[in-house]
Amino acid sequence: MDQLMQARAEIDRIDAELARLFEARMQAVEGVIAYKQATGMPVLDAGREEQVIEKNTARIERAELRDYYAQWQKDLMALSRQYQSRVLGRDRVAYQGVEGAFSHIALTRLFPRARAIKCPTWAEVFRQVEEGAAAFGVLPFENSTTGDVGEVLDLCFSHNCYVTQVYDLPVVQNLLGLPGAKLSDIRLVYSHPQGLRQCAPLLRQLGLQTIESPNTAMAAQHVAETGDKTIGAIASAETAQLYGLEVLAAGANSAEGNTTRFIVISRQPAEKGNRFSLLFTVDHKAGQLARVIQIIGREGFNMESIKSRPLPHTPWEYYFYVELVGDASQQNARGLLEQLNGVCRSVKLLGVFSKEEQQ
């Protein structure tokens, strides 16, 4: 047996042992599942996962392998969470639209083994989560080209849900049409308002009329159902494949690096993260907002984002969203919230989540 065959035989032997140990580990996880089911404990225990990964990685003697092993441990933990969620019935995730929508694409990246629940509106996604029909909801929050999805932020303000994760999905919009259609055939284009805005220069150049749809996938579905070669849709290439359409103009969005940030909502906040977000209101008096910003700066928190939105049912007053760098579970963050409660009319911890640091 040559050297390659010997190495492969050894790998096969080890893989067989790993398969046995994986099954044994998942069987042990079932004891954890039973405890979480009895106590209502969340599936994710971020602190425990960090401890396990650190402890196990320290067992690797070869330093050059530790980063690889740490990643393997993270992947194993993710699989364990997915299995726990499935057994506990917490693997249902809601999104707005139909299969192929960008929200659905984001959902499949974030929860690859989840049971997806499609909803007609963003408000219905919140309702599904609040009532426990879905463990999580995936919603668009902001686009790098067209800005905030204001309605989703308003729903965050009015509903009792928390942001537990953010995910940036690169978005490439395409002009789609029926098989056999040419770009010169298209007269009317359907898409979500943001999709239309992202592709506005091309649509103007071609002199095309537009009609808004609830989301890009529903626009593509409509085009497929009409059988009309003069109608097109702005949507993803994945959606074209799903509904049997062809890409007539690839990369139709005007801005390179077009990205949509999605949020994951849940009924319970995450325990740990390197970012947290707040919603607050202040009295409609001079200097009140400045006081809030001064407190945030004085306590040493970097404010990465601040947004304002009209306060529902209160003309010419506003609520505010801020995103801060830091761990909300730390004492300095708790102290910040106490101070803000003293100067704000209302304060809500909206989200605790992690974002990769920019290099």
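**A walk through a predicted model**

Our starting point is Thr164, a residue that lies in strand β5, which runs over residues 162-170, and the structure in which we look at this residue is a predicted model. Thr164 has a relative accessibility of 17%, and because buried means a relative accessible area under 20%, this residue counts as buried. Its surroundings can be listed by name: leaving aside residues up to four places away in sequence, Thr164 touches Phe136, Val264, Ser266, Gln268, Pro269, Ala270, Val352 and Phe353.

From this one residue we can step back to the whole protein. Its secondary structure comes to twelve helices and 15 strands, and the C-alpha trace spans about 65 × 65 × 40 Å along its principal axes. Of the 359 residues in the protein, 44% are buried. If we consider the contacts between residues at least 6 apart in sequence, we find that 75% of them join residues at least 24 apart.

One pair of residues lets the reader follow separation along the chain and separation in space together. Val32 has its place in helix α1, which covers residues 3-39, and with a relative accessible area of 38% Val32 is partly exposed. Val32 and Gln84 are 52 residues apart along the chain, while their C-alpha atoms are separated by 8.5 Å.

Next we turn to helix α9, made up of residues 216-226, in which Thr216, Ala217, Ala219, Ala220 and Val223 are buried. On which part of the helix do its buried residues fall, when α9 is seen down its axis? They fall within an arc of 160°, and so they line one face of the helix. Several elements take part in covering these buried residues of α9, and they include the helices α4 (102-110) and α10 (237-242) as well as the strands β6 (174-177), β7 (188-191) and β9 (231-235).

A further step brings us to two helices that meet. Two packed helices are described by the angle between their axes and by the distance between those axes. Here the helices are α11, residues 288-298, and α12, residues 331-343, whose axes come within 10 Å and cross at roughly 165°. Since an angle over 145 degrees counts as roughly antiparallel, α11 and α12 are therefore roughly antiparallel to each other. The crossing in which α11 passes α12 is right-handed. On the side of α11, the residues that take part are Gln288, Arg291, Val292, Ile295, Ile296 and Arg298, and in α12 they meet Leu336, Gln339, Leu340 and Val343. The residues of this contact divide into six nonpolar, two polar and two charged.

Finally, we look at the loop between strand β13 (303-310) and strand β14 (318-325), where His313 lies. His313 has a positive phi of about 65°, although it is not a glycine, and with a relative accessible area of 84% His313 is exposed. Trp316 also lies in the loop between β13 and β14. Is Trp316 buried or exposed? With a relative accessible area of 69%, Trp316 is exposed, and its phi is positive too, at about 65°, although Trp316 is not a glycine. The walk thus began with Thr164, which counts as buried, and it ends in a loop with His313, which is exposed, and Trp316, which is exposed as well.

Methods
Residues are numbered from 1 along each chain as its sequence is written. This is a predicted model: local features need pLDDT of at least 70, side-chain atom pairs count only at pLDDT 80 or more; totals for chains, interfaces and linings use all residues. Side-chain values use heavy atoms; hydrogens and water are left out. Axes are lines fitted to C-alpha atoms, for helices over the stretch in contact, and angles run from 0 to 180 degrees between N-to-C directions. Helices (H or I, at least four residues) and strands (E, at least two) are DSSP runs, numbered from the N terminus. Angles under 35 degrees count as roughly parallel, over 145 as roughly antiparallel, 65 to 115 as roughly perpendicular and the rest as oblique. A crossing is left-handed if the near helix is turned anticlockwise from the far one by less than a right angle, and right-handed if clockwise. Contact means heavy atoms within 4.5 Å. Ala, Val, Leu, Ile, Met, Phe, Trp, Tyr, Cys and Pro count as nonpolar, Asp, Glu, Lys and Arg as charged, and the others, Gly among them, as polar. Buried means under 20% relative accessible area, exposed over 50%, partly exposed in between (1.4 Å probe, protein chains only). The arc is that of the directions from the helix axis to the C-beta atoms.
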